[in-house]
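Got the model loaded? Switch on a cartoon view, keep your selection box handy, and follow along.

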Amino acid sequence: MDGLFSDAPDPAVHPGTHPTPPENWTIELPVGMMQAAQGFLDYLHLWWPTSLYSVGGAGGQLWWDAERLVEETDDGESIVWATTEVWDPPLTVSCELSLPGVSGDRWVFTVEPGSGVSHVHFRAPRPRRLPGTGDSATERGGIPDDFWGSVLGFYGRFMGASAAPERS
């Protein structure tokens, strides 16, 4: 009876569809702001761990531009993950995901200059579902607590970071 007058889905019928709170992650890179943004945006296809998070599987590649975030599968299919909302590199880039199970989640990437380094911040909810599947995270063994730390660790190593990303 709790949801009698609500348009919200019943969590018992649609488990895992409610947004999770965003997590904030930070990584320090030994490069300038432009290089940090280029590494994340222009070279996403070189470091994104499709073995951890992908629609098309481990052979896919991601790219992000002023219009959208897209995965190209190893058989050439393009799958739109998100629509870009803000495109102001190197300072800020954000998108709203449209994949089933995570639709409406927002990712925000920002870069701040430091003394000879850049501080990269990434804000996103931990996925509730693996992209492109109907499986909730709990049905697949769960999404680890340090999921974004693992993903951003690939970016950090690609960019020459000496320390792992930290939850901020």
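We start with the whole fold, walk through the sheet, and then visit the helices and a few single residues.

**Before you click**

This is a predicted model, so local features here need pLDDT of at least 70 and side-chain atom pairs count only at pLDDT 80 or more, while totals for chains, interfaces and linings use all residues. Residues are numbered from 1 along each chain as its sequence is written, and side-chain values use heavy atoms, with hydrogens and water left out.

**Stop 1: the whole thing**

Colour by secondary structure. You have three helices and eight strands; helices (H or I, at least four residues) and strands (E, at least two) are DSSP runs, numbered from the N terminus. Along the sequence the pattern reads β-α-α-β-β-β-β-β-β-α-β. Now colour by burial: 39% of the 168 residues are buried, where buried means under 20% relative accessible area, exposed over 50%, and partly exposed in between (1.4 Å probe, protein chains only). Draw the surface and about 8,800 Å² is exposed, with carbon and sulfur atoms supplying 52% of it; the areas come from the Shrake-Rupley method with a 1.4 Å probe, and for residues only the protein chains shown count as cover.

**Stop 2: the sheet**

Hide the helices. In what order do the eight strands of the open sheet run? The order is β2-β3-β4-β5-β6-β7-β1-β8, with antiparallel pairing. The edge strands are β2 (61-64) and β8 (166-167), each of which pairs on one side only. Two strands pair here if DSSP finds at least two bridges between them.

Select 61-72 to get one edge. β2 and β3 (residues 68-72) pair antiparallel over four bridges, and they form a hairpin with three residues between them. For the bridge partners, W63 goes with V70 in β3, and L62 stands opposite E71. Show the β2 side chains and watch them alternate: L62 and W64 point to one face and are buried, while Q61 and W63 point to the other and are not.

Next, select 92-97 and 106-125. β5 and β6 (residues 106-113) pair antiparallel over five bridges, and V93 stands opposite F109. On the next pairing along, β6 and β7 (residues 118-125) are antiparallel over six bridges, with V108 bridging to R123 in β7. β6 and β7 also make a hairpin with four residues between them; in the turn, G116 has a positive phi of about 80°.

**Stop 3: two helices**

Bring the helices back and pick 33-41. This is α1, which packs on the sheet and touches β1 (22-29), β2, β4 (78-88), β5, β6 and β7. The direction of α1 makes about 155° with that of β6. Then pick 147-159: α3 lies across β1, β6 and β7, running at about 20° to β1. Both angles use axes that are lines fitted to C-alpha atoms, for helices over the stretch in contact, and angles run from 0 to 180 degrees between N-to-C directions.

**Stop 4: the core**

Show W48, L69, W81, W107 and Y155 as sticks: of the 38 residues in the largest nonpolar core, these touch the most other members. The largest share of this core, six residues, comes from α3. A nonpolar core is a set of buried Ala, Val, Leu, Ile, Met, Phe, Trp, Tyr and Cys residues joined through side-chain atoms within 4.5 Å.

Centre on Y155. Beyond four places in sequence, Y155 touches I27, L29, A36, G39, F40, W47, F109 and V120; contact means heavy atoms within 4.5 Å.

**Stop 5: three residues to zoom in on**

- F109, in β6, is buried, with a relative accessible area of 1%. Its contacts beyond four places in sequence include A36, F40, V93, V120 and Y155. Try the distance tool on the C-alpha atoms of F109 and L41: 68 residues apart along the chain, they are separated by 9.5 Å.
- A124, in β7, counts as buried at 0% relative accessibility. What does A124 contact beyond four places in sequence? The list is P22, E23, R106, W107 and W148. From A124 to W148 is 24 residues in sequence and 8.2 Å in space, C-alpha to C-alpha.
- S94 is in β5 and is buried, with a relative accessible area of 6%. Beyond four places in sequence, S94 touches W64, T83, T84, E85, V86, W107 and V108.
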